[in-house]
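Q: Could you pick one part of this model for me and go over it closely? I'd also like to hear how the rest of it hangs around that spot.

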Amino acid sequence: MKEKTIQKKKRRLIFRAAMLTVMVGLVVFALVANGKEDQVAVAKGEEAPDFQLKKFGTEETVQLSDLEGQGVMLNFWATYCGPCKDEMPYMEELYEEYKEKGVEILAVNLDSTELVVENFVNEYNLTFPILQDKKGQVMDLYNIGPIPSTLFINPDGEIEEQVIGPLTLEKLEGYLQDISPEE
């Protein structure tokens, strides 16, 4: 009888140790996973990583370093993103005015289907450069998570501001003013 009690206690001990090990593993996993989600795309004040992407519908490419001396708004979006659709008219409304002031708006599209993007561009009558990031290399370079995500880069090539989520017309205009080259 004593031997059965000892074996029961051993089994309980082994079971509890296994459960504790699993729980500790889950806690470690949760901490690591949450730490990755909290990473900022690119920190404010850092130099914006250089990249080169093809403009949608052309063979022309845009390289970020070629825009040195200008302010750059770098917007990551996709056609399936509702908030992205909401902010596109604001970007179009301000594009010409700020282009004349030395600010370039670049919209980095993350869709893979060209026809869908073409229909979107035509529907919204977009005239600012739409860049194709089909493989997500620039999205990865900037560690972009949720979209829309927008980075405002000053004329010195540094990240002035990062906004995750949609922009209102007023906020967009304020950020564009902040990155306009000094006259």
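A: Let's begin on the surface, where F15, M19 and M23 make up a nonpolar patch with about 330 Å² of accessible area between them. (A patch takes residues with over 30% relative accessible area and no salt bridge, joining like charges within 9 Å and nonpolar side chains, meaning Val, Leu, Ile, Met, Phe, Trp or Tyr, within 5 Å; areas are Shrake-Rupley values with a 1.4 Å probe, and for residues only the protein chains shown count as cover.) Keep in mind that this is a predicted model, where local features need pLDDT of at least 70 and side-chain atom pairs count only at pLDDT 80 or more, while totals for chains, interfaces and linings use all residues. Numbering runs from 1 along each chain as its sequence is written, and side-chain values use heavy atoms, with hydrogens and water left out.

Of the patch members, take M19: you'll find M19 in helix α1, which covers residues 2-37 (helices, H or I of at least four residues, and strands, E of at least two, are DSSP runs numbered from the N terminus). M19 comes out at 39% relative accessibility, so it is partly exposed; buried means under 20%, exposed over 50%, and partly exposed in between, with a 1.4 Å probe and protein chains only.

Now for the close look, which I'd aim at N109. N109 belongs to strand β4, residues 103-109, and with a relative accessible area of 2% it counts as buried. Its side chain isn't idle: one of its polar atoms lies 2.8 Å from the backbone nitrogen of D111, a polar contact (N or O atoms within 3.5 Å, where within protein one can donate a hydrogen and the other accept it, and residues adjacent in sequence count only through side-chain atoms on both sides). What else does N109 touch, leaving aside neighbours within four places in sequence? W77, A78 and T79 are on the list, along with V117 and the run I130, L131, Q132 and D133 (contact means heavy atoms within 4.5 Å).

That run leads us over to K54, whose own contacts beyond four places in sequence include I130, L131 and Q132, plus E59, E60 and T61. K54 sits in strand β1, residues 52-55, and is partly exposed at 29%. Its C-alpha is 15 Å from that of L67, 13 residues away along the chain. With E59, K54 makes a salt bridge, the closest N and O atoms being 3.9 Å apart (the rule is a Lys or Arg side-chain nitrogen within 4 Å of an Asp or Glu carboxyl oxygen). E59 itself is exposed, at 69%.

The structure has six salt bridges in total, and two others are worth a glance. K101 pairs with E97 at 3.2 Å, N to O; K101 and E97 are each partly exposed at 34%. K99 and E104 come together at 2.8 Å, with K99 partly exposed at 37% and E104 buried at 6%.

K101 also turns up among the contacts of S180, together with Y98, V103 and P155, again skipping neighbours within four places. S180 is in the segment after α5 (169-178) and is buried at 18%. Its side chain reaches back to the backbone oxygen of L176, 3.0 Å away.

There is one disulfide, linking C81 and C84 with an S to S distance of 2.3 Å (the cut-off is cysteine sulfurs within 2.5 Å). The link is right-handed, at 80° about the S-S bond. C81 is buried at 6%, and C84 is buried too, at 0%.

Last, some backbone oddities. Most residues other than glycine have a negative phi, and most peptide bonds are trans. N125 nevertheless has a positive phi of about 50°; it lies in the loop between α3 (114-124) and β5 (130-132) and is exposed at 57%. N143 also has a positive phi of about 50°, is partly exposed at 32%, and lies in the loop between α4 and β6. P148 is in the loop between α4 (137-141) and β6 (149-153) as well, and the bond joining I147 to P148 is cis, with omega about 0°.
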